[in-house]
Amino acid sequence: MTERTRRAGISVAAIIPAAGSGQRLGGGSPKAFQPLAGTTLLRRSVNAVAPYVDVIVVAVPTAWCEVASEILVGTACPVIVVVGGATRQESVVAALAILPPEVDVVLVHDAARPLVPPTVVTAVLAELQAGASAVVPALPVADTLKYVDAAGQVVGTLDRTALAAIQTPQGFRRDILERAHRAAPAVATDDAALVEVLGIPVLTVPGDPAGFKITTPYDVVLAEALLGRDA
Ligand code: CTP
Ligand code: MG
């Protein structure tokens with residue numbers, strides 16, 4: 001029995017925002033199109049969710065549609081490539097706009113999180129199947145977090161025990177994700193923040209350190225070391 005037939009009855013899509021430029025990483029091409037131990041972040045992130053979904057919509061920078069289609073030949077489910085927007089949020093909206101009508105639930109997964117383990121994807125999906133409207137992977141925060149003003153002066157300390165670092169894939173009932181993006185009051189860095197504004201509960205499941213976001217060159221070194229260890 002495949003993952004797909006196991007959840008027969010619910011149609012699942014994944015949206016992969018991959019239209020960022022990767023300013024903090026640098027390099028000659030957009031972040032999602034850079035290789036990690038020989039395979040692009042885009043391909044790795046798509047492969048991480050493909051076994052669990054019926055269709056994937058990838059949002060990429062203008063001029064990168066053809067390259068994306070080439071990179072994604074042979075993916076385990078159908079892939080649709082769209083042009084993203086100026087912000088992550090706009091890229092998700094562009095992908096939502098062409099989602100097939102039968103889709104019931106949506107996983108939104110950053111192209112910049114190529115090493116997310118299957119356990120995180122299945123934990124998010126399991127809670128959606130059990131009836132949750134919105135589910136995010138969460139990890140405890142290791143560092144102490146402080147408010148710091150423009151002059152570099154500490155003005156307060158947050159209670160770390162009440163905080164969590166949130167990863168992707170984030171899972172949503174399709175109607176709620178669409179409503180949240182239609183109502184979006186401001187730019188948010190994740191989709192759950194827009195659902196929270198609607199007053200809809202967002203559930204957490206355990207995240208995994210391997211689901212970290214590739215942001216700087218340091219993260220590439222770490223990711224390639226982890227991949228080398230598994231080889
Ligand atoms: N993203 C997107 N469209 C944008 C901006 C970001 O689809 N206009 C995507 C990125 O491709 C990435 C994810 O959102 O997969 C998380 O964003 P981030 O890590 O900030 O990526 P970049 O915006 O590319 O990086 P930077 O902020 O350093 O420029
Ligand atoms: Mg960014």
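A disulfide is a pair of cysteine sulfur atoms within 2.5 Å, and this structure holds zero of them. Keep in mind that this is a predicted model, where local features need pLDDT of at least 70, side-chain atom pairs count only at pLDDT 80 or more, and totals for chains, interfaces and linings use all residues. Residues are numbered from 1 along each chain as its sequence is written, chains are lettered from A and ligands numbered from 1 in the order in which they are written, and side-chain values use heavy atoms, with hydrogens and water left out.

**View 1. Cys65 and Cys77, two cysteines without a bond.** Why don't the sulfurs of Cys65 and Cys77 make a bond? The closest cysteine sulfur to that of Cys65 sits in Cys77, and at 18 Å it is too far for a bond. The two cysteines also have their own surroundings. Cys77 is buried, at 8% relative accessibility, while Cys65 is partly exposed, at 26%. (Buried means under 20% relative accessible area, exposed means over 50%, and partly exposed is in between, using a 1.4 Å probe and protein chains only.)

**View 2. The largest nonpolar core, with 31 residues.** A nonpolar core here is a set of buried Ala, Val, Leu, Ile, Met, Phe, Trp, Tyr and Cys residues joined through side-chain atoms within 4.5 Å. In soluble globular proteins, nonpolar side chains tend to be buried together. Look for Ile16, Leu42, Val53, Ile56, Val58 and Leu107, which touch the most other members of this core. Two or more residues come from each of β1 (12–17), α2 (41–49), β4 (55–60), β6 (105–108) and α5 (118–129). Helix α5 gives the largest share, five residues. (Helices, H or I with at least four residues, and strands, E with at least two, are DSSP runs numbered from the N terminus.)

**View 3. Val58 and what it touches.** Contact means heavy atoms within 4.5 Å. Set aside the neighbours within four places in sequence, and Val58 is still in contact with Ile16, Ala18, Leu42, Val46, Leu72, Val79, Ile80, Val81 and Val82. Apart from the largest core lies another one, made of 24 residues, including Val55, Ala95, Leu96 and Ile200.

**View 4. The buried side of helix α4.** Which residues of α4 are buried? They are Gln89, Ser91, Val92, Ala95 and Leu96. These residues lie on the same side of α4, because they cover an arc of only 160° around the axis. (The arc is that of the directions from the helix axis to the C-beta atoms.) Among the elements covering the buried residues of α4 are β1, β4, β5 (79–83), β6, α6 and α7.

**View 5. A salt-bridge network with Arg88.** A salt bridge is a side-chain nitrogen of Lys or Arg within 4 Å of a carboxyl oxygen of Asp or Glu. The whole structure has five of them, and a network of salt bridges links Arg88, Asp110, Arg113 and Asp191. Arg88 meets Asp110 with the closest N and O atoms 2.9 Å apart. Arg88 belongs to helix α4 (residues 88–96) and Asp110 to the loop between β6 and α5, so this pair ties together parts 22 residues apart in sequence. Arg88 also pairs with Asp191, again at 2.9 Å from N to O. Here the partners are 103 residues apart, with Asp191 in the loop between α6 (174–183) and α7 (192–197). How accessible are they? Asp191 is buried at 1%, Asp110 is buried at 10%, and Arg88 is partly exposed at 21%.

**View 6. Another salt bridge, between Arg173 and Asp175.** The side chains of Arg173 and Asp175 come to 2.8 Å, N to O. Arg173 is partly exposed at 35% relative accessibility, and Asp175 is partly exposed at 39%.

**View 7. Phe33 and Trp64, a tilted pair of rings.** Rings of Phe, Tyr and Trp (its six-membered ring) pair if their centres lie within 6.5 Å; planes under 30 degrees apart count as stacked, over 60 as edge-to-face and the rest as tilted. By this rule there is one aromatic pair. The centres of the Phe33 and Trp64 rings are 4.6 Å apart and the planes are at 40°, so the pair is tilted. Phe33 sits in the loop between β1 and β2 (35–36) and Trp64 in the loop between β4 and α3 (65–71), so the pair ties together parts 31 residues apart in sequence. Phe33 is buried at 7%, whereas Trp64 is partly exposed at 24%.
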